[in-house]
Amino acid sequence: MEIQDFIASIAELFEDTDANDLTADTRFKELAEWSSLIALSIIAMVDEEYDVALKGDDIRKSNTIQDLFNIVKENA
Amino acid sequence: MYNPFSLNGKTILVTGGSSGIGRATAIECGKLGANVVVTGRNPERLKGVFDELDTSAAQRHQMVVADLATTDGIDCLTAALPNLDGLSSNAGTIVGNKPIRFLNEMDIQSIMQTNTFAHVLLAKLLFKKKLLNKGASCVFTVSIGGTLSHVPGSSIYGMSKAALDSFVKYAAIEFSARGIRCNSVCPGMIDTPLVNSPTLTDEDMAIDAQKYLLKRYGKPEEVARTAAFLLSDASSFITGTSIVVDGGYTVNH
Ligand SMILES: NC(=O)c1ccc[n+]([C@@H]2O[C@H](COP(=O)([O-])OP(=O)(O)OC[C@H]3O[C@@H](n4cnc5c(N)ncnc54)[C@H](OP(=O)(O)O)[C@@H]3O)[C@@H](O)[C@H]2O)c1
């Protein structure tokens with residue numbers, strides 16, 4: 001499980017944010033286009049690609065993409 | 001005693017009777033004097049509701065375990081039914097909160113099967129087999145979701161409800177030949193096991209509840225009493241329409 005692949009999958013869910021601007025340290029909820037739809041999309045993407053059922057609470061307590069990735073890894 | 005809202009002597013079938021809104025409707029109908037037939041899949045939960053039904057006016061109740069997502073289940077249920085004066089059609093499900101790009105065919109089929117097709121096929125059989133008495137009332141639990149409110153991640157749920165709401169109007173027209181009334185109830189968020197989605201935090205739910213004029217989600221009893229009104233003779237001139245029970249959510253949006 002590679003963080004680079006995870007970042008690429010997250011980047012897919014953003015329309016206006018340049019994929020090259022996303023890194024493990026990006027505070028994803030502070031991006032201009034952050035929305036409840038993107039939050040739901042992250043949960044659905046992680047379910048589909050990693051077979052991990054994230055909760056809304058996992059999104060709430062994560063700040064960076066790395067934080068999210070760590071939760072996915074712990075539960076995979 | 002004068003009470004046009006009474007359900008005394010009426011026999012009413014309540015689907016989705018093992019939980020939430022259906023459970024509350026079954027209990028309310030029993031208290032208003034009806035003989036209740038409750039149905040659901042989970043035998044323990046269903047028995048629990050059956051045992052709670054009021055019998056102080058010598059009502060006779062019945063419980064039938066059936067999976068309405070299958071033709072067999074609908075056939076078994078209708079085979080076990082007495083003649084009815086009312087139907088409260090509640091069986092319903094939700095599959096996560098999935099944005100459209102993540103939908104798969106299974107999700108779509110299973111939601112449509114339970115939330116739309118099951119209600120349509122049951123209503124059809126009840127009418128065809130003449131299990132609904134003349135002047136009976138059918139009440140379908142739809143939702144503001146898909147009819148009046150559209151939030152991301154609930155497209156198939158909303159679609160299943162809008163389709164059912166449309167069907168109710170056709171049923172009102174065709175079933176009027178026997179004086180049978182058909183209406184829907186459209187609840188906003190109601191505190192039941194259905195809305196405990198893991199994708200939402202408690203904080204999300206608290207913020208959402210503030211969008212309701214009454215600053216809270218509804219209780220199953222509040223939907224049940226609306227259904228009971230539509231099942232009673234107090235609503236004898238109401239058919240082919242829908243009652244919104246949403247604490248002022250849609251008027252505020
Ligand atoms: N809660 C809300 O905020 C809300 C808002 C608008 C509309 N609604 C609608 O209200 C209805 C009742 O929902 P609820 O909130 O009371 O949910 P709930 O507590 O989860 O109850 C759902 C009921 O449907 C039954 N059911 C589900 N699939 C079934 C199947 N295949 N065959 C037979 N029975 C089935 C369940 O019985 P078993 O598990 O025993 O099978 C249960 O009794 C649903 O149609 C829902 O869409 C709810």
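Which atom of Gly16(B) lies 2.9 Å from an oxygen atom of the ligand? In this predicted model, the partner is a backbone N or O atom of Gly16(B). Two further residues of chain B can be added to the picture. Ile21(B) also takes part through its backbone, with an N or O atom 2.7 Å from an oxygen atom of the ligand. Ser19(B), by contrast, uses its side chain, placing a polar atom 2.5 Å from a ligand oxygen. On its own the ligand has 880 Å² of accessible area, and the protein covers 95% of this.

Stepping back to the surroundings of the ligand, 31 residues are found there, and those that come nearest are Ser18(B), Ser19(B), Arg41(B), Tyr157(B) and Thr192(B). Sorted by class, this shell holds 13 nonpolar, 14 polar and 4 charged residues. Two helices of chain B, helix 1 (20-31) and helix 5 (155-175), each provide at least two residues of the shell.

Chain A can now be considered in turn. Its secondary structure consists of 4 helices and 0 strands, which gives the pattern α-α-α-α when read along the sequence. The radius of gyration of chain A is 11 Å, close to the 11 Å that the globule rule gives for 76 residues, so the chain is as compact as a globular protein of that length. The C-alpha trace of chain A spans about 30 × 25 × 20 Å along its principal axes.

Of the 76 residues in chain A, 47% count as buried. The accessible surface of chain A is about 4,200 Å², with 40% belonging to carbon and sulfur atoms. Finally, among chain A contacts between residues at least 6 apart in sequence, 56% join residues at least 24 apart.

Methods: Residues numbered from 1 in each chain as written. Chains lettered and ligands numbered in written order. Predicted model: local features only at pLDDT ≥ 70, side-chain atom pairs only at ≥ 80, totals over all residues. Heavy atoms only, no water. Near = heavy atom within 4 Å. Polar contact = N/O pair within 3.5 Å; in protein donor to acceptor, adjacent residues only side chain to side chain. Areas by Shrake-Rupley, 256 points an atom, 1.4 Å probe, with all protein chains shown as cover. Nonpolar A, V, L, I, M, F, W, Y, C, P; charged D, E, K, R; others polar. Rg over C-alpha atoms; globule rule 2.2 N^0.38 Å. Buried < 20%, exposed > 50% of the residue type's maximum accessible area, 1.4 Å probe, protein only. Contact = heavy atoms within 4.5 Å.
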